[in-house]
Amino acid sequence: MNFQSILFYISEKTYKKNLLKANSIVSRQKNTGLSSCCDENICRFVHNCIYLHPQNITILSMDSLQSNSLYKALHEISSDFSSMASSYFCASFNSADIVADELHRLDGLCIFLIREGELEIEINSVRSVFATNSFAAFGFGTAVKFVTSPQSSNKVDLLFFHTSFLQGVNINFAAISTPIIVDRSSSDVVLSDAELDVMLRYVDLLKLNCGTRLNRQVETNIASSLMAAMIYQMVGVHYKRLGSHNVTKGQRACRTAYVHDFIKLVHVYYAKERSVAFYADKLFISPKYLSLLVKDATGKSAARWIDEFVLMEAKNMLRFSGKNVQQVAYSLNFSNQSSFGKYFKHLTGMSPTEYQKS
């Protein structure tokens, strides 16, 4: 998964009518791809946090965290293990202690940070090796199998967040700008010692939060704030990586520049302008050519990018701003509440009011 998919994971996760009953379980078996230790993987972390289509969601019961196979496996062998109700758990372990060949299918977001040694795992039947200081993130539906031997030795920190928890993480998308959203770099990335240390500090804070014995809602709010901070931190890491890459020369660089400029313009104007023609005019190219460039570079049409920015903002406003549906509609330059409602329901399968109450 790349960065834009992490960005849409939290917003796009759980909101169709048949998924709103807290005790119902909707099981859909669908793999969502692997994330390797590379620039793309840093993006995937944020993508895995925010994009998951409703048809792939499992609504979790209160005891589902404890019934998770990965939870059971790590709880038994971890040197340091902490969990918070049905929201998340943290584990520090040596993969040599894990039962080999046991398959774990993820029902949330799983993050690995390798302190020492190498971690060898199969992701959707593809074997991958992660070196010291590596970062890896895997999303809903991914099949994970640890490849271990008595000779292997490492120190790994793992964070696992259930999808039910992730829907409460609030991200300011205006603070996350353009190149990382369309970057498709696949070169290997290992975090620097300083970067790994910062990420491990978040892990430690999440562990401490599990034992605070505060009000449950307070603990959840603390955890969601720490999760958001981790996302921003990884965005910052990715910006550094982008700054160190040489810009591709020639025609490809020109096309990439158009796509980056398009995303920049969408950041600025999405709340007022939803027409591809508007952005094409700003770039002095035709709407058809802009759509071709964006589709080729990102796999999604220009119109879809605009819709996703509008939808993310709409969801954030509905859930966090305190505005009613009509006020949100006017803030996003819809002529009336009805047209906004049709637009929102077409993209999400539920009305703004249903989403706001979910």
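Strand 2 (residues 88-93) and strand 9 (residues 155-162) run antiparallel and are joined by six bridges, and within this pairing Tyr88 has Phe161 of strand 9 as its bridge partner. Strands here are DSSP runs of E with at least two residues, helices are runs of H or I with at least four residues, and both are numbered from the N terminus; two strands are taken to pair if DSSP finds at least two bridges between them. The model is a predicted one, in which local features need pLDDT of at least 70 and side-chain atom pairs count only at pLDDT 80 or more, while totals for chains, interfaces and linings use all residues. Residues are numbered from 1 along each chain as its sequence is written, and side-chain values use heavy atoms, with hydrogens and water left out.

**The five-stranded sheet and its helices**

Strands 2 and 9 belong to an open sheet of five strands in the order 1-2-9-4-7, with antiparallel pairing. Its edge strands, each of which pairs on one side only, are strand 1 (80-84) and strand 7 (135-138). Neighbouring strands of this sheet are turned by 10° against each other on average, direction ignored. Axes are lines fitted to C-alpha atoms, for helices over the stretch in contact, and angles run from 0 to 180 degrees between N-to-C directions.

Helix 4 (residues 69-77) packs on this sheet and touches strand 1, strand 2, strand 4 (108-116) and strand 9, its direction making about 45° with that of strand 2; contact means heavy atoms within 4.5 Å. Helix 7 (residues 193-210) also packs on the sheet, touching strand 1, strand 2, strand 4 and strand 9, and its direction makes about 125° with that of strand 4.

**The four-stranded sheet**

Another open sheet is formed by four strands in the order 3-8-5-6, again with antiparallel pairing. Strand 3 (103-105) and strand 6 are the edge strands, each pairing on one side only, and the twist averages 30° from one strand to the next. Three bridges join strand 3 to strand 8 (residues 143-146), which run antiparallel, and the partner of His104 in strand 8 is Val144.

**Two asparagines with positive phi**

Asn133 and Asn333 are set side by side below; a residue is called buried under 20% relative accessible area, exposed over 50%, and partly exposed in between (1.4 Å probe, protein chains only).

| Residue | Phi | Loop | Relative accessible area |
|---|---|---|---|
| Asn133 | about 75° | between strand 6 (126-130) and strand 7 | 8%, buried |
| Asn333 | near 65° | between helix 13 (325-331) and helix 14 (337-348) | 38%, partly exposed |

**Two leucines**

Leu318 lies in helix 12 (residues 302-321) and counts as buried because its relative accessibility is 3%. Not counting residues up to four places away in sequence, Leu318 touches Val325, Val328, Phe344, Pro352, Tyr355 and Gln356. From Leu318 to Ala329 the separation is eleven residues in sequence and 9.9 Å in space, C-alpha to C-alpha.

Leu214, found in the loop between helix 7 and helix 8 (216-244), has 45% relative accessibility and therefore counts as partly exposed. Together with Val218 and Ile222, Leu214 makes a nonpolar surface patch of about 220 Å². Such patches are made of residues with over 30% relative accessible area and no salt bridge, like charges being joined within 9 Å and nonpolar side chains (Val, Leu, Ile, Met, Phe, Trp, Tyr) within 5 Å; a salt bridge is a side-chain nitrogen of Lys or Arg within 4 Å of a carboxyl oxygen of Asp or Glu. Accessible areas come from the Shrake-Rupley method with a 1.4 Å probe, and for residues only the protein chains shown count as cover.
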